[in-house]
There are 2 protein chains.
Amino acid sequence: MANELTPRATDYSQWYNDLILKGGLADYSAVRGCMVIKPYGYTLWENMKDVLDKMFKDTGHVNAYFKDVLDKMFKETGHVNAYFPLFVPKSFLEKEEGHAEGFAKECAVVTHYRLKTDPNNKGKLMVDPEAKLEEELIVRPTSEAIIWNAYKDWIQSYRDLPLLINQWANVVRWEMRTRLFLRTAEFLWQEGHTAHATSEEAIAEAEKMLHVYADFVENYMALPVIKGVKTPNERFAGALETYCIEALMQDGKALQAGTSHFLGQNFAKAFEVKYLTKENKQEYVWATSWGVSTRLIGALVMAHSDDQGLVLPPRIAPLQVVIVPIYKGPEQKALVDEKVSGIMADLKAAGISVKYDDSDNTRPGWKFAEYEMKGVPVRIAIGPKDIENGVVEVARRDEKTKSSVPAEGLSEHVKNLLEEIQQNLYNKARAFRDASITTVDSWDAFKSVLNEKGGFLSAHWDGTPETEEKIKEETKATIRCIPLNNTAEEGVCVYSGKPSKQRVLFALAY
Amino acid sequence: MANELTPRATDYSQWYNDLILKGGLADYSAVRGCMVIKPYGYTLWENMKDVLDKMFKDTGHVNAYFKDVLDKMFKETGHVNAYFPLFVPKSFLEKEEGHAEGFAKECAVVTHYRLKTDPNNKGKLMVDPEAKLEEELIVRPTSEAIIWNAYKDWIQSYRDLPLLINQWANVVRWEMRTRLFLRTAEFLWQEGHTAHATSEEAIAEAEKMLHVYADFVENYMALPVIKGVKTPNERFAGALETYCIEALMQDGKALQAGTSHFLGQNFAKAFEVKYLTKENKQEYVWATSWGVSTRLIGALVMAHSDDQGLVLPPRIAPLQVVIVPIYKGPEQKALVDEKVSGIMADLKAAGISVKYDDSDNTRPGWKFAEYEMKGVPVRIAIGPKDIENGVVEVARRDEKTKSSVPAEGLSEHVKNLLEEIQQNLYNKARAFRDASITTVDSWDAFKSVLNEKGGFLSAHWDGTPETEEKIKEETKATIRCIPLNNTAEEGVCVYSGKPSKQRVLFALAY
């Protein structure tokens with residue numbers, strides 16, 4: 001099998017692409033910048049969706065049963081899902097100036113609603129010039145405009161607030177340089193859009209959702225994050241504050257894993273969304289929006305995987321355990337089959353997803369490599385000698401170690417092992433991340449650490465967009481975030497030498 | 001509350017629109033022909049998705065646990081989900097001629113990828129003429145073209161077949177006349193696309209999925225359907241055979257609730273998808289596609305609801321039971337609260353979704369009307385006198401009857417009642433449907449039954465597209481289907497008087 005990956009040390013970027021393709025997560029498509037998400041990759045997204053959906057609907061209580069979630073929904077606490085149109089009329093985009101500037105430059109524009117057969121070109125179609133739209137439609141790059149136009153009708157009084165709605169959808173941003181999962185012209189995401197009576201409540205909501213994201217990324221994706229706020233330069237177009245979680249990839253580059261925005265009254269004013277207060281006054285409402293996307297799958301791959309293939313955290317892996325039989329001839333096979341059927345039943349009863357790969361057109365060695373490539377966390381091999389000795393061979397994908405384990409009590413062992421792998425992945429990523437935060441106090445140190453070690457640079461910055469811009473021009477490094485609850489510390493800007501009140505985190509980023 | 005619906009008898013069409021809006025299922029949007037699916041309506045769609053997804057993944061075993069589903073997925077039986085691009089290059093649409101003709105006339109065309117600020121119009125945006133795409137992109141009206149282009153790379157040998165993939169997605173068809181849920185420019189659906197080694201296998205797949213749809217619509221939506229095939233005129237663009245399920249609405253019009261297509265080798269040939277057989281020969285593969293959409297929500301509403309509001313089948317209702325307290329003063333309230341908390345726990349333990357509406361800003365009568373409008377199948381009212389007598393008042397939405405029921409064993413009672421309501425809705429719809437199939441043997445009878453009674457007309461047809469077309473022109477009636485396993489019966493065409501071998505079903509349709 002042609003499963004060779006380019007080693008990370010040779011070309012990290014090529015390794016990533018190889019892995020996405022050979023791991024069967026996605027494929028290039030004929031449409032520029034778009035990709036096909038293959039079933040294995042889509043299952044990862046479904047698993048993420050499942051967990052996040054429950055977290056949104058029932059904030060904090062991840063394992064709530066569906067019916068409970070609905071109960072909450074009807075109590076009008078929690079977030080509920082809805083679906084808004086794909087198309088944004090051009091005039092809607094114009095209404096919030098910053099928003100328009102941010103998104104107009106990279107959007108897909110629908111101008112016509114019909115094709116016709118080309119009279120000069122047999123079998124070909126052409127745009128029908130008579131089917132031109134009066135107003136162009138933009139394929140949503142994000143849905144603030146279309147959603148706030150609907151909220152105008154939905155919000156009348158304080159009784160209608162807070163309005164907490166989430167949407168799972170596809171969006172399109174016409175990126176010039178694209179990359180599987182990390183940056184594609186079309187991507188899948190969720191976008192929460194909430195409306196509140198007060199500024200404080202909206203800020204609390206934006207912060208709450210940031211914590212939900214951090215919880216998900218750390219505890220399910222096994223990826224430590226730094227919570228912070230963006231500088232004004234890096235804010236979402238139309239936001240007063242952008243909260244973010246920043247993760248670190250194995251090549252020392254940062255990756256923004258999720259954002260939550262406090263939008264102030266910008267969209268309420270643009271779309272005239274007012275509510276009647278308890279005191280009978282008309283006030284503009286306060287807004288937030290927040291989102292994570294299929295980009296998280298790219299982050300997951302980049303954070304944990306190795307030169308043999310994917311390494312997936314058990315809590316969101318599409319498959320947790322694979323069992324491979326080792327045998328010669330049908331008699332031994334029957335013996336193994338019987339043993340495995342008991343093991344399968346035990347594992348399933350313990351809530352573990354497991355596959356028995358007894359296909360006979362490939363050899364065990366081939367299967368081992370295949371499941372390593374797919375990142376299945378635990379592999380069990382079992383043959384007649386193992387059965388005689390009352391053991392099985394258990395291999396863990398994260399450490400690539402094997403051990404002989406008693407067949408008795410195996411499901412308990414595997415359950416604990418999956419948990420251990422989950423923790424181990426997190427701890428490794430955490431240790432790497434922590435070791436990759438370097439305090440720098442001079443411009444020379446900044447440049448040399450950035451080029452030689454990478455990771456996050458904790459440095460003083462004078463707080464001006466000009467300095468931020470110059471640092472970016474000279475080094476490509478951006479301010480990833482100002483950490484939440486940052487320590488106040490007097491110092492001088494690493495670039496300009498001007499006074500600074502705190503350190504911020506710089507990095508090269510995806 | 002302004003919850004008055006236009007009665008069905010006055011204006012069925014207006015009743016439907018009122019109900020969609022006042023029941024909180026959807027809202028009009030500012031984008032022509034598109035709608036906003038509100039949380040209550042979206043939950044219905046999520047419930048449908050949930051059930052169908054499991055049926056697709058594990059055909060026939062609806063209640064399979066998620067992990068089992070995944071296990072099946074890895075055994076490469078069952079259907080798996082994936083995601084393909086939103087955009088179809090124009091040249092792809094051209095490749096299958098019939099397909100192109102069917103969809104080119106009603107599609108959204110992306111011609112540009114950027115807006116810019118309009119120099120002559122402060123604050124306005126305009127399409128940037130320099131950002132014209134070399135090849136126009138069509139927003140997918142269906143995904144055969146984009147998916148078969150991907151399958152070309154995925155299918156090499158008989159080992160890759162069958163390929164059974166499903167996609168949940170939004171699609172756009174630029175319909176001239178639109179209607180909430182039933183026909184919108186953008187809608188949500190699932191589309192299955194499968195590839196097979198033989199014609200027989202593909203036909204069996206198309207038929208299997210038709211049965212899955214019928215199973216879902218009858219057993220979850222409580223809506224009886226007739227399974228059949230379409231006439232060549234009414235086939236999906238690009239199909240050799242279109243299977244369909246047809247349902248009947250309360251006004252006597254038919255509604256196509258789902259279709260499954262045998263596509264032959266049309267797409268395999270258009271996209272050059274061949275496989276190596278066991279005998280080492282190159283052959284084109286055989287295809288199917290099948291889909292149901294948010295239109296099902298429209299069917300659900302039209303089939304069961306009444307002049308008081310929605311009537312929802314318990315198996316997919318977002319909320320199954322609502323409890324309303326009847327009390328005067330805080331002491332009585334505390335008494336009721338305590339009793340209700342026990343009832344809630346019991347109902348939830350029985351897997352029933354339940355809400356306690358103890359909001360104090362509306363009166364019980366208002367709440368009763370509200371939950372009738374929302375179609376909650378069972379309402380429980382409880383006050384101090386009920387508690388004294390050890391009973392509660394149980395009202396069922398379908399029959400609008402109330403009865404006093406012992407509080408002891410209530411959850412068992414409610415569980416049975418929900419099942420009874422589910423069956424009752426099906427039986428009522430079934431009786432109505434059966435009474436609405438009329439055998440007609442003359443053109444006069446055809447016209448008078450169609451105009452006065454409506455429903456399905458079982459009539460002889462000479463089998464020609466010309467006659468079909470003329471009947472449509474004169475009466476607007478179409479052939480809904482030729483029922484599966486239709487009885488052979490010699491006769492003469494109701495319109496042309498020419499010989500006919502079987503009766504087919506005509507109706508006016510949505």
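**Exercise 1. The loop before strand E9**

Task: State in which loop Pro162(A) lies, and describe the peptide bond that leads into Pro162(A). Then do the same for chain B.

Solution. Step 1: Pro162(A) sits in the loop that links helix H6 (144-154) to strand E9 (163-172) of chain A. The model is a predicted one.
Step 2: Going from Leu161(A) to Pro162(A), the peptide bond is cis, and omega is near -10°.
Step 3: In chain B, Pro162(B) is located in the loop between helix H6 (144-154) and strand E9 (163-172). The bond from Leu161(B) to Pro162(B) is cis, with omega near -5°.

**Exercise 2. A hairpin in chain B**

Task: Find how E20(B) and E21(B) are paired, and identify the turn residue with a positive phi.

Solution. Step 1: The strands are E20 (391-396) and E21 (401-406) of chain B, and the loop between them contains Lys400(B).
Step 2: Six bridges pair E20(B) with E21(B) in the antiparallel sense. One of the pairs sets Arg396(B) opposite Thr401(B) in E21(B).
Step 3: Together the two strands make a hairpin, with four residues between them.
Step 4: The turn residue is Lys400(B), with a positive phi of about 55°. Lys400(B) is a residue other than glycine.

**Exercise 3. Strands around E8 of chain B**

Task: Which strands pair with E8(B), and in what sense?

Solution. Step 1: Strand E4 (residues 87-89) of chain B is antiparallel to strand E8 (residues 132-139) of chain B, with three bridges between them. Within this pairing, Val88(B) has Ile138(B) as its bridge partner.
Step 2: E5(B) is also joined to E8(B) by three bridges, and these strands run antiparallel. Here His112(B) is the bridge partner of Lys132(B).
Step 3: Follow His112(B) across to the other chain: Val109(A) stands opposite His112(B) in E5(B). The strands concerned are E5 (residues 109-112) of chain A and E5 (residues 109-112) of chain B, which are antiparallel and joined by three bridges.

**Exercise 4. The interface of chain A and chain B**

Task: Describe the contact by residues, area and polar pairs, then give the make-up of the side that belongs to chain A.

Solution. Step 1: Chain A contributes 84 residues to the contact and chain B contributes 83 residues.
Step 2: The size of an interface is often expressed as the accessible area lost when the parts come together. Between chain A and chain B the buried area is about 6,900 Å², and carbon and sulfur atoms give 66% of it.
Step 3: Two salt bridges are counted between the chains. One of them is between the side chains of Lys124(A) and Glu94(B), at 3.7 Å from N to O; this lies within the 4 Å cut-off for a salt bridge.
Step 4: Polar contact across the interface is found for 28 residue pairs, both residues at pLDDT 80 or more.
Step 5: On the side of chain A that touches chain B, helix H2 (residues 39-57) of chain A supplies the largest share, nine residues. By class, that side has 50 nonpolar, 13 polar and 21 charged residues.

**Exercise 5. The overall form of chain A**

Task: Why does the radius of gyration of chain A agree with that of a compact globule?

Solution. Step 1: Chain A has 15 helices and 27 strands.
Step 2: Along the principal axes, the C-alpha atoms of chain A fill a box of roughly 80 × 65 × 60 Å.
Step 3: A compact globule of 510 residues would have a radius of gyration near 24 Å. Chain A has 26 Å, so the value agrees with that expectation.

Definitions and conventions
Residues numbered from 1 in each chain as written. Chains lettered and ligands numbered in written order. Predicted model: local features only at pLDDT ≥ 70, side-chain atom pairs only at ≥ 80, totals over all residues. Heavy atoms only, no water. Contact = heavy atoms within 4.5 Å. Buried area = accessible area lost by both parts, 1.4 Å probe. Polar contact = N/O pair within 3.5 Å; in protein donor to acceptor, adjacent residues only side chain to side chain. Nonpolar A, V, L, I, M, F, W, Y, C, P; charged D, E, K, R; others polar. Pairing = 2+ DSSP bridges. Rg over C-alpha atoms; globule rule 2.2 N^0.38 Å.
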